[in-house]
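Please open the model in your viewer and keep the sequence panel visible. The tour below proceeds one selection at a time.

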Amino acid sequence: MRVLYLLNISNPDQLSADSGWIFADLLAPALADAGAEVTVAAPAAAGDARCGFHQTKVPGTKYRARFSADIDELVALVRAEKPDVVVANQIEEAPAIRTALLEVGSDALLAGYCHYLPFSFSGGGQLLLDPSLNDVGLGRPVLLAFAAGMAACDRVMVHSSTAASWLSAAAARMAVDLADRLRVVPAPRDERLVRDPVTACRQQGAAAIGVYNHRLYAHYGTEQFVHLARDLVASGAVHLQVMDLFGQRRAARTGLDDSPERMRDQLAALPHLQIVSDRGDRIRYRNLLADARFGIAPFRPGCPWSMSVIDCQGMGLPVIAPRLGWLAEHIDPELCFTTPAEAVALAERLATDDEFHAVHAKRAHASTADFAPALVAARYLEALS
């Protein structure tokens, strides 16, 4: 099977902060191991030496990534690669890709991966536009482009059962019949971030560290985390490490949304809280996680998946999480909370109760076993067959 993988990268200067790139970088070699021929078309190479690479331009903004597909370039790519399957990681590009396939006369299967959903649902079932994609009222055009992408695909893939449920509900409202095209294929875990929790050593006498390793966008619910962080560090029993995943961002990105910088400054002002950076180094990232006692999930309402949560769990870190979205599907119910007081109680119990921590460290580690790249690649190829 010849696979042409079309990957949008929004931040090529900080690839370690781009979960779509990490996903492709882990998946492409696993697909090659399974016998597929993979070419990645992206602003930066992903995979290993067996994977082909075609460099594409960096879209100036997240909106250009959705509305400025170059059909001439797509036609040239399809003609050169002669793929059996084209994967659109930016599903809004699927109609343009379908147009290119038509022009070339290719019968390649077109699969769209819904890496990011531009909507969520309220508790009452109301469809809500993602605020991060709703500048100057662009949220509805993005949603319609997303629906057009689903309609253009032969396969529509999502990370989780929660995402599949949301996608089916949204598609029905927009008169898109997914029929039997929807598949659940999780993202692969990073095997460099896998550790048997039995081997973890706790530093005696040191305060337990809770790690927050998510993007600091406002739409991730970071403001709620800022309030929670104040409560978590109040007693001094728990110290926090917050990952600065972006570093210095391009002006085009901060101009659209400067919330990561604002949230970082607010968090940096809190006692017993340290802002840390992996500097794009995966080994340093592992070491930062290895020093922590537990992880904290984001408050993002439309969270269909979190690679950062999987990173923590693979390292044997229990993760406490608000009871919402995919988090409620995946995280042990004992570690889910609805109020700040419940979150503080969970954090302090994980910090001080070694038996409770050991049980949940084992459960966290085991919850990622099905996300080994070889297993995910097999599910991916099955979904494409």
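**A helix, its sheet and a charged network**

Select helix α3 (residues 71–81): this helix lies across β1, β2 and β3, in contact with heavy atoms within 4.5 Å, and runs at about 160° to β1. Angles run from 0 to 180 degrees between N-to-C directions, with axes fitted to C-alpha atoms, for helices over the stretch in contact. Helices (H or I, at least four residues) and strands (E, at least two) are DSSP runs, numbered from the N terminus.

The model is predicted: local features need pLDDT of at least 70, side-chain atom pairs count only at pLDDT 80 or more, and totals for chains, interfaces and linings use all residues. Residues are numbered from 1 along each chain as its sequence is written, and side-chain values use heavy atoms, with hydrogens and water left out.

Next, display the strands. Seven of them form an open sheet with parallel pairing, in the order β3-β2-β1-β4-β5-β8-β9; two strands pair if DSSP finds at least two bridges between them. β3 (52–55) and β9 (182–184) each have a single partner strand, so one side of each lacks a neighbour in the sheet.

Now select Arg282 and Asp190. Their side chains meet in a salt bridge (3.0 Å, N to O), that is, a side-chain nitrogen of Lys or Arg within 4 Å of a carboxyl oxygen of Asp or Glu. Arg282 lies in helix α10 (residues 282–290) and Asp190 in the loop between β9 and β10 (208–212), 92 residues apart.

Add Asp311, whose side chain meets that of Arg282 in a salt bridge (4.0 Å, N to O).
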